[in-house]
Amino acid sequence: CINRVELRGVVGTARLSETGSGRIVRFSLATNYVYKSSDGTPVIETTWHNCLAFEGKQIGGIDRIMKGTAVHLTGRIRCYRFVDINDVERTGNEIVANTLDVL
C-alpha cells in the first residue's frame with residue numbers, strides 16, 4: 001500500500017505544543033490549483049490542509065512555522081474520529097509530515 005502526500009503551500013494558522021516526547025506543531029496549509037474556465041479566465045482553487053509535524057531528525061525548525069510561512073512537506077494522510085460539541089461523531093483528515101522544509 002502507498003500513502004504518500006507532497007505539498008507546497010503557505011501556512012495559515014500554527015500552534016506549537018510541548019509533549020513528554022518532544023515538540024509538535026499543528027498548522028493549516030493552503031495550496032492553490034490554477035486552471036482556466038470555459039471562457040478562458042483563470043480560476044484559482046485554494047485547498048486547506050490540516051497538518052501535523054513532530055520535531056525530529058528530518059523535521060527541524062518548527063518554531064519558524066507561523067502564519068504566512070511557505071513550506072514544502074512530504075507525509076501521509078491520517079483519518080481520525082472525534083466527537084464535536086453537539087455530541088455528534090465526526091471524521092477528519094490530517095497530513096502527518098515525514099519531512100518539512102521552510103522555504
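This passage walks through the fold, the strand pairing and a few individual residues of a predicted model.

Starting with the overall picture, the protein chain has five strands and zero helices. Reading along the sequence, the pattern is simply β-β-β-β-β. The C-alpha trace spans about 55 × 40 × 30 Å along its principal axes. Of the 103 residues in the protein chain, 32% are buried. The accessible surface adds up to about 7,200 Å², and carbon and sulfur atoms hold 50% of that. As for contacts with a separation of 6 or more, 54% of them come from residues 24 or more positions apart. On the charge side, there are 13 positive and 11 negative charges, and their mean positions sit 4 Å apart.

Next comes the strand pairing. Strand β1 covers residues 5-19, and strand β2 covers residues 22-36. These two strands make a hairpin, with two residues between them. Their pairing is antiparallel and takes in eight bridges. Within this pairing, Arg15 of β1 stands opposite Arg26 in β2. Strand β1 also has β4 as an antiparallel partner, this time through six bridges. Here Glu6 is found opposite Thr74 in β4. β1 thus pairs with both β2 and β4.

Now for the aromatic side chains. A pair of aromatic rings is described by the distance of the centres and the angle of the planes. Searching the whole structure turns up two such pairs. In one of them, the ring centres of Tyr33 and Tyr35 are 5.8 Å apart and the planes meet at 35 degrees, so the pair counts as tilted. The reasoning is that stacked rings need planes under 30 degrees apart and edge-to-face rings need over 60, so an angle between these cut-offs is called tilted. Tyr33 is exposed, at a relative accessible area of 53%, while Tyr35, at 34%, is partly exposed. The other pair is made by Tyr80 and Phe82, and it is tilted too, with 5.9 Å from centre to centre and 35 degrees between the planes. Both partners are partly exposed: Tyr80 has a relative accessible area of 31%, and Phe82 has one of 33%.

Strand β4, which runs over residues 70-83, also holds Cys79. This cysteine is exposed, with 60% relative accessibility. Setting aside neighbours within four places in sequence, Cys79 touches Gly92 and Asn93. Asn98 is another matter: 19 residues separate Cys79 from Asn98 in sequence, and their C-alpha atoms are 16 Å apart in space.

Last up is a backbone oddity. Most residues other than glycine have a negative phi. Asp87, though not a glycine, has a positive phi of about 60 degrees. This residue is located in the loop between β4 and β5, the latter being residues 89-102. Asp87 is exposed as well, its relative accessible area being 67%. The cut-off for calling a residue exposed is over 50%, so the value for Asp87 qualifies.

Terms used:
Residues numbered from 1 in each chain as written. Predicted model: local features only at pLDDT ≥ 70, side-chain atom pairs only at ≥ 80, totals over all residues. Heavy atoms only, no water. Phe/Tyr/Trp six-rings, centres within 6.5 Å; stacked < 30°, edge-to-face > 60°. Buried < 20%, exposed > 50% of the residue type's maximum accessible area, 1.4 Å probe, protein only. Helix = DSSP H or I, 4+ residues; strand = E, 2+ residues; numbered from the N terminus. Contact = heavy atoms within 4.5 Å. Areas by Shrake-Rupley, 256 points an atom, 1.4 Å probe, with all protein chains shown as cover. Lys, Arg positive; Asp, Glu negative; His and termini not counted. Charge placed at Lys NZ, Arg CZ, Asp CG, Glu CD. Pairing = 2+ DSSP bridges.
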